[in-house]
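Load the model, colour the chain by residue number and keep a selection box open. The stops below say what to pick next and what is there.

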Amino acid sequence: MSAGLFTPELLERCISCGFCLPACPTYRLTGSEPSSPRGRINLMRAVEEGRLSVDDPGFVEESSFCLGCRACEPVCPAGVQYGELLEEWRGHVWRGRNRPLRLRALFWAADRRWRVRALGLLRRHARARTQHGPQLLLGCFERTLFPGVSRAAAELAGAAVTPAQGCCGALHAHNGEPARGRELAERLGEELRGEILTTSGGCAAHLAGVIGRDRVFELSQWLAGVPGPPADPPAERPRVALQDSCHLRNGLGVWREPRELIAQVAHYVELPGAAVCCGAAGTYATLRPRDSAAVLEPKLDEIAAAEVDYVVTVNPGCLRQLRTGLRRRGLDARAVHLAELLAGKA
Ligand code: SF4
Ligand code: SF4
């Protein structure tokens, strides 16, 4: 008899080929099979079939050590939806004493619209530019730490801004509360009518998964789809690299657009590991700071070797992670959001 923790069709799809192993950052770090996508799916199967307890320390540890970057999905020939499995996994394991205290505090803050709004009350926010553009999603994290990114995005896209908006639910969906994550996304879809613009790849992927891809656009997708006069190339083009957003690239398949937009205003430099997670991974940098820093290290080496002026991100969590890492390493390169680069505010 199965334990009923995982959707059987999702679990059965894996054919144990191992193609996902080289793509997995935690497998690369450890070389350990249980810390790979295939190994984790085998752990899930063992629990589902009653051969392993759901409270097994190794099972609980791997649910947290996984970055949730979904780099295992695009390389999988069997079409395993690992992100869905991880949501189910954490939904069963990250309960009671297994739920980290810091995560409880984040849930509390993001759970009510007034609390989300209060997070950024002291900051100067984006103002409505038009009543006809998309609605800008301010984002819980961004409105607190990077309101300038929202201002730049609103300016670039002519977006409308509704200050009284809640969390999109990505935080909940990726951290053990998938039902609440869906509920918050649906509510936000009702609060913000029409097309929604976001500067966060993680929020874009979650929200699009719940209310539909025809309504949700990450900034680079939106700008790439709006024909405009060709940008005046600056006299001196800085050298600029990109850090992909994992969920934008692996969940929505968006990676070409930000590169093309950067190349319009700068000399674009592709980092060898641009598509590899930077270690921010939503709450990962907060919950597992040492592992997060270890994942970031090789990327800092690449940035140093590439001698770039800027590293562009398309997600506020990646922006914070790279700014912290570059400062600690003492590198001259600056991390900026795509909106800041394109609006000339880098
Ligand atoms: S690539 Fe896909 S099918 Fe192959 S082991 Fe990884 S998850 Fe399973
Ligand atoms: S989500 Fe990322 S860290 Fe987790 S198994 Fe897949 S590739 Fe590895």
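Why does Ala343 count as partly exposed? Ala343 has 17 other C-beta atoms within 10 Å, and a residue is called partly exposed when that number falls between the limits of 12 or fewer for exposed and 20 or more for buried. Bear in mind throughout that this is a predicted model.

**Stop 1: the end of helix H19**

Select Ala343, in the segment after helix H19 (338–342). Leaving out neighbours within four places in sequence, Ala343 is in contact with Ala152, Glu155 and Leu156. Add Gly133 to the selection: it is 210 residues from Ala343 in sequence, and the two C-alpha atoms are 17 Å apart.

**Stop 2: helix H9**

Now select helix H9 (147–157). Eight of its eleven residues are buried, so H9 is largely enclosed by the rest of the structure. Those buried residues are Val149, Ser150, Arg151, Ala152, Ala153, Ala154, Leu156 and Ala157. Two of them, Ala152 and Leu156, are contacts of Ala343 from the previous stop. When viewing a helix end on, recall that an α-helix has 3.6 residues a turn, so residues three or four places apart point the same way. Step past the end of H9 to Gly158, where phi is positive at about 60 degrees.

**Stop 3: the domains**

Colour by the domain assignment, which gives domain 1 (8–98), domain 2 (101–224) and domain 3 (239–342). The centres of domain 2 and domain 3, taken over C-alpha atoms, are separated by 21 Å. Their contact takes 28 residues from domain 2 and 25 residues from domain 3. Which elements give two or more residues to the domain 2 side? They are helix H6 (101–110), helix H8 (140–145), H9, helix H12 (201–211) and helix H13 (219–224). On that side the residues divide into 15 nonpolar, ten polar and three charged.

**Stop 4: helix H11**

Stay with residue numbers in the range of domain 2 and select Glu191, in helix H11 (residues 178–191). Glu191 is partly exposed, because 14 other C-beta atoms lie within 10 Å. Not counting residues up to four places away in sequence, Glu191 touches Gln165 and Gly166. Ala164 is 27 residues from Glu191 along the chain, with 8.6 Å between their C-alpha atoms.

**Stop 5: the strands of domain 3**

Select strand S4 (residues 239–243), which runs parallel to S6 and is joined to it by four bridges. Val240 has Tyr310 as its bridge partner in S6.

Next, show strand S6 (residues 310–313) with strand S7 (residues 334–337); these too run parallel and are joined by four bridges. Along this pair, Val311 stands opposite Ala335, and Val312 stands opposite Val336. Add helix H18 (residues 316–329): S6, H18 and S7 make a right-handed β-α-β unit.

Which way do the side chains of S6 point? Tyr310 and Val312 point one way, Val311 and Thr313 the other, and all are buried.

**Stop 6: two positive phi values**

Select Ala281, in the loop between strand S5 (267–269) and helix H16 (284–287). Ala281 is not a glycine, yet its phi is positive at about 50 degrees. Ala281 counts as buried because it has 26 C-beta neighbours inside 10 Å.

Then select Ser16, in the loop between helix H1 (8–12) and H2. Ser16 also has a positive phi, near 60 degrees, in a residue other than glycine. Is Ser16 buried or exposed? With 10 C-beta neighbours inside 10 Å, Ser16 counts as exposed.

**Stop 7: the ligands**

Show ligand 1, which is surrounded by 14 residues. The closest are Cys14, Cys17, Cys20, Arg38 and Cys76. By class, the shell around ligand 1 has eleven nonpolar, two polar and one charged.

Finish at ligand 2, which is surrounded by 14 residues, the closest being Cys24, Pro37, Cys66, Cys69 and Cys72. Helix H2 (25–30) and helix H3 (37–48) each supply at least two residues of this shell. Its classes are ten nonpolar, two polar and two charged residues.

How values were computed: Residues are numbered from 1 along each chain as its sequence is written. Chains are lettered from A and ligands numbered from 1 in the order in which they are written. This is a predicted model: local features need pLDDT of at least 70, side-chain atom pairs count only at pLDDT 80 or more; totals for chains, interfaces and linings use all residues. Domain bounds come from an automatic or database domain assignment. Two residues are in contact if their C-beta atoms, placed from the backbone, lie within 7 Å. Ala, Val, Leu, Ile, Met, Phe, Trp, Tyr, Cys and Pro count as nonpolar, Asp, Glu, Lys and Arg as charged, and the others, Gly among them, as polar. A residue is near a molecule or strand if its C-beta atom, placed from the backbone, lies within 6 Å of it. Two strands pair if DSSP finds at least two bridges between them. A crossover is right-handed if, with the strands pointing away from the viewer, the path from the first strand over the helix to the second runs clockwise.
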